[in-house]
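Hi,

Here is the model we talked about. Have a look, and my notes follow below.

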Protein chains: 2
Amino acid sequence: MSVPPDTAASEVKQEGVAIPEQLADRIGFLVAKSHAVCHAMANEALSPLDLHIKEYAVLNVLHGMGAMSQQALGETLGVDRTTMVAVMDALERKRLVERSRNPVDRRAYALAITDDGVDVLRRARRLLTAAERKLLAPLSSAEADQLRDLLRRLILGR
Amino acid sequence: MSVPPDTAASEVKQEGVAIPEQLADRIGFLVAKSHAVCHAMANEALSPLDLHIKEYAVLNVLHGMGAMSQQALGETLGVDRTTMVAVMDALERKRLVERSRNPVDRRAYALAITDDGVDVLRRARRLLTAAERKLLAPLSSAEADQLRDLLRRLILGR
DNA sequence: TATTGTTATACTCTATAACTATA
DNA sequence: TATAGTTATAGAGTATAACAATA
């Protein structure tokens, strides 16, 4: 039987990420690897703020869309309402978000970002923008724009 | 306090995937959404073969690179060796791979894809190619190639 | 002493079911 | 009767630590 081949011969490595050449042409594999890289990058960038990328997304949506319920927030971010509970608990504990009742429907919250939350959001944006710039360094500005455009169209279906 | 706004106004929806516009320009968010779509698509496409996308990756690498150890396979795919055990157990149970000892180093296996494995791999490739074509339908052929190129360069760092 | 494969264990992430308070 | 939020619980998925066999 054959011996394990030298993997270096059939991979391209850099920054700890390897792509088996048999999978290098599959969009799914490339997207999965990209996701791993982006996710790690984002959480590392936000670590000085003691903020997770999912919490950043919450602050972002709350700041941009205004007060809303946990249910609506979960739907917007694509996570279950039961999953939102712990996320909001953490953000409330850090005083970045406030839960008050929606007076029109007292079952639901009117979630709102606090002044501290807005401040952290601003800092997070700067950190993420810098990290994204580093991540996108291998691409020109036009190519980065095109990548965003292609991914958007891939997701939306046309 | 304000009432939850109409979410439809500030999202773009299709095929169940929504993109909050505050995050629509972040590469990380677009990549994460793309990954979710691709992963679901791939596993759905492979379901007739009772094969998971991770098992497909194993068959692909084993077929393309020849016999290798579980350790090396795990490194190639970016998963821990302890995680490989269950994956290989499942593939061996389905008779798609064989574990024989590497005579040069009897601690390690010489993992090999079986004839059945090659057959399943071929069918899986056809299913995935068809699914990928559907997924990439909103893009022209040249754009799909460019997307692959941009993602590869993003991962590799230049 | 180090490494391969294995197991037990734990940790993360997420969803389902059932409860409460409101509607 | 239905919905928002909560809790308990369970299921993936993955990683760490420790062990046996081999180097």
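I call a residue near a molecule or strand if one of its heavy atoms lies within 4 Å of it. This is a predicted model, where local features need pLDDT of at least 70, side-chain atom pairs count only at pLDDT 80 or more, and totals for chains, interfaces and linings use all residues. Residues are numbered from 1 along each chain as its sequence is written, chains are lettered from A and ligands numbered from 1 in the order in which they are written, and side-chain values use heavy atoms, with hydrogens and water left out.

First, the DNA. Strand D is surrounded by 17 residues, and the closest are Gln70(A), Gln71(A), Arg81(A), Lys54(B) and Arg106(B). Of the strand D atoms that come within 4 Å of the protein, 63% belong to sugar and phosphate.

Phosphate oxygens of strand D show up in these polar contacts (N or O atoms within 3.5 Å of each other):
- the side chain of Gln70(A), with an N or O atom at 2.8 Å
- the side chain of Tyr109(A), with an N or O atom at 2.9 Å
- a polar backbone atom of Arg106(B), at 2.7 Å

Then there is Lys94(B), in the chain B loop between helix 4 and strand 3 (97-102); helices (H or I, at least four residues) and strands (E, at least two) are DSSP runs, numbered from the N terminus. Leaving out residues up to four places away in sequence, Lys94(B) touches Asp50(B), Leu51(B) and Glu55(B), with contact meaning heavy atoms within 4.5 Å. Its C-alpha is 8.9 Å from that of Asp116(B), 22 residues apart in sequence.

Cheers

Methods:
A polar contact is a pair of N or O atoms within 3.5 Å; within protein, one must be able to donate a hydrogen and the other to accept it, and residues adjacent in sequence count only if both atoms are side-chain atoms.
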